[in-house]
Amino acid sequence: MFKALSSREPYGLCEEEPFIREFKPRHWGSMHHYIVIEGPLGVGKTSLAKKLAEKLSAQALLEDVDENPFLSQFYENPKKYAFQTQIFFLLRRFNQAVEMSQIDLFSRVTVSDFLFDKDRVFARSTLDENEYWLYEQLFQLLKKRIAPPDLVIFLQAKTEVLLARIRKRNRKYERSIGFKYLEKINQAFNEFFFHYTDSPLLVVNASEIDFVHVPEDFEDLVEQVRSMKSGTQYYVPMSSKKGK
């Protein structure tokens with residue numbers, strides 16, 4: 001469990017040494033030790049992270065967005081609460097990354113449902129010019145202290161699919177999310193990962209598959225994860241291939 005944010009915590013800003021920059025990519029045979037699953041709202045990253053962690057006998061490092069006290073207000077009034085919401089997420093994700101540096105990643109695989117850098121994707125889409133300038137100063141300061149994962153799995157899906165999944169899970173604070181906002185976020189994620197080079201990247205078409213309830217989809221993905229070594233690879237799941 002991660003401790004809650006505290007106004008008394010310095011988040012290492014005064015430290016001379018970076019927390020985890022010196023870690024190198026780690027592999028256990030052909031298996032990556034630190035795997036991140038990312039994607040836009042509603043794509044299914046948390047569900048997949050839990051299932052993959054179970055399959056690999058790994059620990060799941062999951063983000064609890066409900067901890068953000070500004071989130072529900074943001075969805076009601078984005079302009080007023082965007083900056084507070086984003087700064088909370090930025091510091092929270094940094095705090096989690098710092099605590100993760102204490103985990104023995106050499107002895108056990110860790111699967112996470114968030115990438116520190118993804119915070120910037122939302123910031124660019126929601127903050128005004130002055131807010132983003134201030135945000136960027138803090139982001140760059142913190143980013144220097146964060147090591148990249150051994151593997152990032154980016155789940156892509158059509159915006160209409162994301163919206164349908166968000167409606168289905170029916171979280172109260174997400175009920176005001178509309179297609180226009182979600183499309184903007186979805187495109188921002190696609191743009192970000194098109195240029196992403198910090199870690200090996202597996203891009204997965206997640207519009208028409210179900211990793212949680214269809215065993216062959218999930219097992220096929222696990223084999224892709226085990227064989228992934230470097231660069232960027234694009235993966236079309238078995239269910240999508242059968243439908244063509």
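## Helices lying on the sheet

In this predicted model, helix H1 (45-55) lies across strand S3 (34-38), S4, S5 and strand S6 (151-156), running at about 155° to S3. Helix H7 (residues 179-194) lies across S3, S6 and strand S7 (201-205), at about 145° to S6. Helices (H or I, at least four residues) and strands (E, at least two) are DSSP runs, numbered from the N terminus. Contact means heavy atoms within 4.5 Å. Axes are lines fitted to C-alpha atoms, for helices over the stretch in contact, and angles run from 0 to 180 degrees between N-to-C directions.

## The sheet underneath

Here we have an open sheet of 6 strands with parallel pairing, in the order S4-S5-S3-S6-S7-S8. At the edges sit strand S4 (59-61) and strand S8 (232-235), each pairing on one side only. S4 pairs with strand S5 (residues 110-112) over 3 bridges, in the parallel sense, and Ala60 has Val111 in S5 as its bridge partner. Two strands count as paired if DSSP finds at least two bridges between them.

## How to read the model

Residues are numbered from 1 along each chain as its sequence is written. Local features need pLDDT of at least 70, side-chain atom pairs count only at pLDDT 80 or more, and totals for chains, interfaces and linings use all residues, while side-chain values use heavy atoms, with hydrogens and water left out.
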